[in-house]
Amino acid sequence: MLIEDNQELYPLEEDELELGKPLPWTVYSEAGQLLMKEGAPVDTQHKLNNLLNKGFRHRERKASDAGEEAGPPPDEPQPVVFTEGTNPFAELDELGFELKVLLQKIEEQDTKPGQTEKRCYSLATQIQGLVEFNADAVLGAVHLNSEHPYVIQHPLHVTVMAALIARTLKVPQKIQLSMLAASLTQNIGMYGYQMRLHAQKDPLSKRQREQVEQHPLEGVKLLNKAGVMDNLWLQIVFQHHEKADGKGYPKGLKGTRIRPEARIIALGDVYSALVTGRPHRPGLSAQQSLRSIFLERGKQFDPKLSMVFLNELGLYPPGACVRLRNGEVAIVIKRTSDNKAPLVTSFMDTHGQLFMRMQERDTSDYPYSVMGAFNPKNLPRLNPTLVWGIKLKRIN
């Protein structure tokens, strides 16, 4: 949270305070309200717990500290502005091809100095631009778009959700670029074997579990070898599997000791994994996946960020498959101010037959109101461009 141009609020960490000793600095609430002044005694356990749970402090940003979170240059790239008529699904597919080439180069240690950072920041700004251009469509791609293998599709979709949450929270652009670059490269440490694990029906062996739990560290090593100097990016990759209750990996960090950007990525990471089908199981419905995250808030996930995530996606997020009161089956295409009444496109009639021409429905209209989720394993393959009614431009 920005206080002034050179100050930011940081959550207190357990090793920064000691019972019976005075505060070394002034402590604020998350909203910036004064909680306790510098020098005040921390003389009770209750007071100490309250500060650790609710307290934030600011640090001066000095030139000597620049390396602490060295990232994009001062003139950091801004979100790409897309013109009217852009097909966000086609754009996202194209970004997937670019990401595949980049991840392969990082894994093979075949990148030139500065290349990895430049390309990742570029991919990040394009995803930001697509979220600005049509957030509902790119969010729908998380549920419907499967043009790429999981190792590409997954980080792409997590980055879409991270960009959406970062926009809602008004995260500064410099931090967003580091966070989204980390999201794109979060699993580079297991790139060579992730697809094998994704297809595996049997539980992970002890050796495989050890490999998985070390992939954040291996990812940081690979990114270092690829010339990544952005320390915030590296921190987020290292922490993206840590859990609020301390039961994550690789370090078992707990609560506010995990960077908020890593906590945001963790939400998208799990959600994308839940809604994505695997060879041995279908993906869960959007509603089942959201419910899972709701139940894990405060345990696996940061409770406040969990609610931001759930509120942003809505009860019926774009791309979710639902059954309407009149018996039709539809895809959600747009969130509205009423999270129980999104706009949808019906593709299946009451007899289970596909429409020759899909129909847009307003579910605030009683006959078309949403009755519940439709099991995604019964979903036919649909072209999201047609579901959203996006007109295709002829290429000359």
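The bend at a residue is the angle between two axes, one fitted to the seven residues ending there and the other to the seven starting there. Hold on to that idea, as it comes up straight away with helix H3. What you have above is a predicted model, where local features need pLDDT of at least 70, side-chain atom pairs count only at pLDDT 80 or more, and totals for chains, interfaces and linings use all residues. Residues are numbered from 1 along each chain as its sequence is written, and side-chain values use heavy atoms, with hydrogens and water left out.

**A bent helix**

Helices and strands here are DSSP runs numbered from the N terminus, with helices being H or I of at least four residues and strands being E of at least two. Take H3, residues 115–144: at Asn134 this helix bends by about 120°. The bend goes along with a short reach, for H3 spans only 31 Å between its end C-alpha atoms, while a straight helix of 30 residues would span 44 Å at 1.5 Å a residue. (That expected span is 1.5 Å times one less than the number of residues.) H3 is also mostly covered, with 24 of its 30 residues buried. Buried means under 20% relative accessible area, exposed means over 50%, and partly exposed is in between, using a 1.4 Å probe and protein chains only.

**Open and closed spaces**

Now for the gaps. On a 1 Å grid over the protein atoms alone, a cavity is a set of points where a 1.4 Å probe fits but cannot get out; a pocket is an open set with protein on both sides within 12 Å along at least five of seven lines, and lining residues have an atom within 4 Å of a point. Points are joined across faces, edges and corners, and a volume is the space filled by probe spheres set on them. In the class counts, Ala, Val, Leu, Ile, Met, Phe, Trp, Tyr, Cys and Pro are nonpolar, Asp, Glu, Lys and Arg are charged, and the others, Gly among them, are polar.

| Space | Volume | Nonpolar | Polar | Charged |
|---|---|---|---|---|
| Second largest pocket | About 820 Å³ | 12 residues | 11 residues | 9 residues |
| Largest cavity | About 60 Å³ | 6 residues | 2 residues | 4 residues |

The second largest pocket has 32 lining residues, and Val212, His241, Tyr249, Ala273 and Arg278 lie nearest its centre. Helices H4, H6, H7 and H9 each supply at least two residues of that lining, and H9 gives the most, with 5.

The whole structure holds 3 cavities of 30 Å³ or more. H9 again gives the most to the lining of the largest cavity, with 4 residues. Glu242 is part of that lining, as are Gln239, Phe301 and Asp302, among others. Glu242 belongs to the loop between H8 and H9, and counts as buried because its relative accessible area is 5%. Its C-alpha atom is 9.6 Å from that of Arg259, 17 residues apart along the chain.

**Strands around S6**

Two strands pair if DSSP finds at least two bridges between them. S6 (residues 321–324) pairs with S7 (residues 329–334) in the antiparallel sense over 3 bridges, and Val322 stands opposite Ala330 there. Their hairpin has 4 residues between the strands, and Gly327 takes a positive phi near 95°.

S6 also pairs with S10 (residues 370–373), antiparallel over 3 bridges, and Arg323 has Gly372 as its bridge partner in S10. Ser369 sits in the loop between S9 and S10. At 13% relative accessibility, Ser369 counts as buried. The C-alpha atoms of Ser369 and Asn326 are separated by 8.1 Å, although the two are 43 residues apart along the chain.
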